[in-house]
Amino acid sequence: MHSINRVIILSVFIIIGLFPLLLAAQEAPTELDSIRQSISDGDYESAITRLTERVAAESTDAEAYYLLGSVYQYLFQYSGALPYLRKSVSLLPENSRFRFALGKCYYQLDRYSQARRQFEHLVAADSSHLAGGIYLGKIYLKQGKYPEANRIHRRLVKKDPHNSYYHKQLGISALQQDSLRQSSIHLHRALKYNPRDPDLIYHICKINVRAGHPLAAANLLQNAIKDHPENLKLLQLYARVLYETQQYESAIEPFVKLIAMGDSSWIMYQHLGFCYYYADNLMRARDAFKQSFQKDNTRGLTSFFWGLTEKELGNPDKALQLFEITSALAYPGYLPDLYIQLAQSYKGQKRYSEAIQSYKKSMEFAPNKRDILFHLAALYDEYYDDPEPPLQYYRKFLDQTEATKKEYIDYAEQRISKLREEIHFRQ
């Protein structure tokens, strides 16, 4: 009996003695736990150093590769993250955390096809992987794979029929496929579950515009802008709808606000100029057209309406100057050479009538290019029986030529002599 008691007492002491060691063994953090704590504390440099040393020593440690790639992602260094995340997936291809992180990294690098493959693998292995499905749907939309996007988002809607985002993505996909009715249904459902989303209002208004209801879109946008006065997309669409429906006076305010918000491109100023012009505010129209032309002086329509404005304001000299600029912009400097090249190409294909028309068109844009007369005369001379047209063009060439290739002049003089003889004998 005493021996049994001694054994029991000894066992208790042994257990009591070992318990702190067992507890310490359970609670002692691993090196990876310590590194995770460094990451959580924002000590990324220390984590990178320790993880780099770890993967160098243990090249099969998939978790270490994953953590190292994740740290680079936290620092927005996606190119730096990519090789480590790829390595983690190659070591443990069925690990959904690793594959999801790799897919996100590809997505952030705009490498959508590679990202799509990762998310497709995830969703195929686990159809309940919501985050993978959401990213996959976004990629399908970006790549124009609308039936695939529909399939993904319909599956997501079944899981959560009151999710505004899923209905929104279905609506956008339907809109891209010109299915306005289906798009409207899903976007309005999305708006029901999230009535404060301005992007939903934007897309619903786009449907109204495409369905031929711009005034309904304008009314909806006007109310939405009261709640979202700084939303650039809503303002841009509102200004565009008013402008395209010729509500010029109403369009002035949103255009002015857009420019004040930084959207000060040449086309914004040009459209503002049109609005002022048709609202009979010529002084402001002139300022807007001037600003537009300063930003892009290749726009003939801008200089033309600026000229009209100056003319109506009683500045004929300035108007004339702007009309001359517009005339020059209407006919680019390369146009005569373009028609010469066309003529030579037509000639090479034995399409002589079209070649002649192209030479004549070139002369309209460049009447001082005297060599065109020579080429036109030679074309008539070589391919047409009537000697009169080439004779007339050779004469015009010699009459209007001051300095050109001597061989052209010599050849023209010889042909004039021959053509005169031919005409004489024909008579």
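Begin by selecting D178, which sits in the loop between α10 (164-176) and α11 (180-193); the model you have open is a predicted one. With a relative accessibility of 54%, D178 counts as exposed, because the cut-off for that word is a relative accessible area over 50%. If your viewer reports backbone angles, look at phi of D178, which is near 65 degrees, a positive value in a residue other than glycine.

Next, select D110, which you will find in the loop between α6 and α7. D110 is not a glycine, although its phi is positive, at about 60 degrees, and its relative accessibility of 53% makes it count as exposed.

From D110, go to N95, in the loop between α5 (78-91) and α6 (96-108). N95 is buried, with a relative accessible area of 19%, and the limit that this value has to stay below is 20%. Show the side chain of N95 and the backbone of R97 together: a polar atom of that side chain lies 2.9 Å from the backbone nitrogen of R97.

Now select H129, which has its place in the loop between α7 (112-125) and α8 (130-142). H129 is buried as well, with a relative accessible area of 18%, and a polar atom of its side chain lies 3.0 Å from the backbone nitrogen of G132. To see what else surrounds H129, add S96, F100, L122 and V123 to the selection, since these are the residues in contact with H129 once its neighbours within four places in sequence are left aside.

The tour turns now to a pair of helices. Select residues 232-244, which form helix α14, and residues 248-260, which form helix α15; their axes come within 8 Å and cross at roughly 155 degrees. The two helices are therefore roughly antiparallel to each other, and α14 passes α15 in a left-handed crossing. To display the contact, pick L232, L235, Q236, Y238, A239, L242 and Y243 on the side of α14, together with Y248, S250, A251, P254, F255, K257 and L258 on the side of α15. Coloured by class, the residues in this contact of α14 with α15 are 11 nonpolar, two polar and one charged.

Keep Y238 in view and select F323, which lies in helix α19 (residues 316-330). F323 and Y238 are 85 residues apart in sequence, and from C-alpha to C-alpha they are 32 Å apart in space. F323 is partly exposed, with a relative accessible area of 26%, and, leaving aside its neighbours within four places in sequence, F323 is in contact with F304, G307, L308 and K311.

For the last stop, select helix α20 (residues 335-348) and helix α21 (residues 352-365), whose axes come within 8 Å and cross at roughly 165 degrees. That angle makes α20 roughly antiparallel to α21, and the crossing of α20 and α21 is left-handed. Where do the two helices meet? On α20, pick L335, P336, Y339, I340, L342, A343, Q344, Y346 and K347, and on α21 pick Y352, E354, A355, S358, Y359, K361, S362 and F365. Divided by class, the residues of the contact of α20 with α21 are 11 nonpolar, three polar and three charged.

Conventions. Residues numbered from 1 in each chain as written. Predicted model: local features only at pLDDT ≥ 70, side-chain atom pairs only at ≥ 80, totals over all residues. Heavy atoms only, no water. Helix = DSSP H or I, 4+ residues; strand = E, 2+ residues; numbered from the N terminus. Buried < 20%, exposed > 50% of the residue type's maximum accessible area, 1.4 Å probe, protein only. Polar contact = N/O pair within 3.5 Å; in protein donor to acceptor, adjacent residues only side chain to side chain. Contact = heavy atoms within 4.5 Å. Axes fitted to C-alpha atoms, helices over the stretch in contact; angles between N-to-C directions. Parallel < 35°, antiparallel > 145°, perpendicular 65-115°, else oblique. Left-handed = near helix turned anticlockwise from the far one by under 90°. Nonpolar A, V, L, I, M, F, W, Y, C, P; charged D, E, K, R; others polar.
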